[in-house]
Amino acid sequence: EKLEDQLTEVKALYKQKYDESVDGEGEDFGYDEDGTLWIKNATVPTQSNQEKLEEQLTEMKGLSKQKYGESVDDAGKDFDYDEDGTLWIKSVTVPTRSSQEKLEDRLSEVKALYKQKYGD
């Protein structure tokens, strides 16, 4: 009974402050002076969709950096755009042995064959 009395009191205070009942006795629609139907909507977003997406993106970037050890925003990206907006894919080929090393190996082989055939 005490709870019911408190609930009744809170409902009365709400009605006094907002001029409508908590129980929905007021209608969710109304008509203006031209007879146009207006639907009442009291949804107030606490955060815009843009802000939510930006927060999610920041979170995903953080998780990616934590997992892979580098930021997706780092300068080490595999692509870039020039001043005309053309996409350039960066490609780096790392040979297993340099040309100089190959030539040095061949020279050693030739020297060994020469030494074998003609001596010192």
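**A short tour, starting at Tyr31**

Start by selecting Tyr31, which sits in strand S1 (strands, E, of at least two residues, and helices, H or I, of at least four, are DSSP runs numbered from the N terminus). The model on your screen is predicted, so local features need pLDDT of at least 70 and side-chain atom pairs count only at pLDDT 80 or more, while totals for chains, interfaces and linings use all residues. Residues are numbered from 1 along each chain as its sequence is written, and side-chain values use heavy atoms, leaving out hydrogens and water.

Is Tyr31 buried or exposed? Tyr31 is exposed, at 58% relative accessible area (exposed means over 50%, buried under 20%, partly exposed in between, with a 1.4 Å probe and protein chains only).

Next, add Phe29, Leu37 and Ile39 to Tyr31: together they make a nonpolar surface patch of about 440 Å². Strand S1 (29-31) and strand S2 (37-39) each give two or more residues to this patch. Such patches join nonpolar side chains (Val, Leu, Ile, Met, Phe, Trp, Tyr) within 5 Å and like charges within 9 Å, using residues with over 30% relative accessible area and no salt bridge (a side-chain nitrogen of Lys or Arg within 4 Å of a carboxyl oxygen of Asp or Glu). Areas come from the Shrake-Rupley method with a 1.4 Å probe, and for residues only the protein chains shown count as cover.

Now move to Ser64 in helix H2. Ser64 counts as buried, at 18% relative accessibility. Leaving aside residues up to four places away in sequence, Ser64 touches Gly69, Glu70 and Val72 (contact means heavy atoms within 4.5 Å). Gly69, just after H2, takes a positive phi of about 80 degrees.

Finally, pick Gly119, just after H3, where phi is also positive, about 80 degrees. Among the 20 residues of H3, the count of buried ones is 0.
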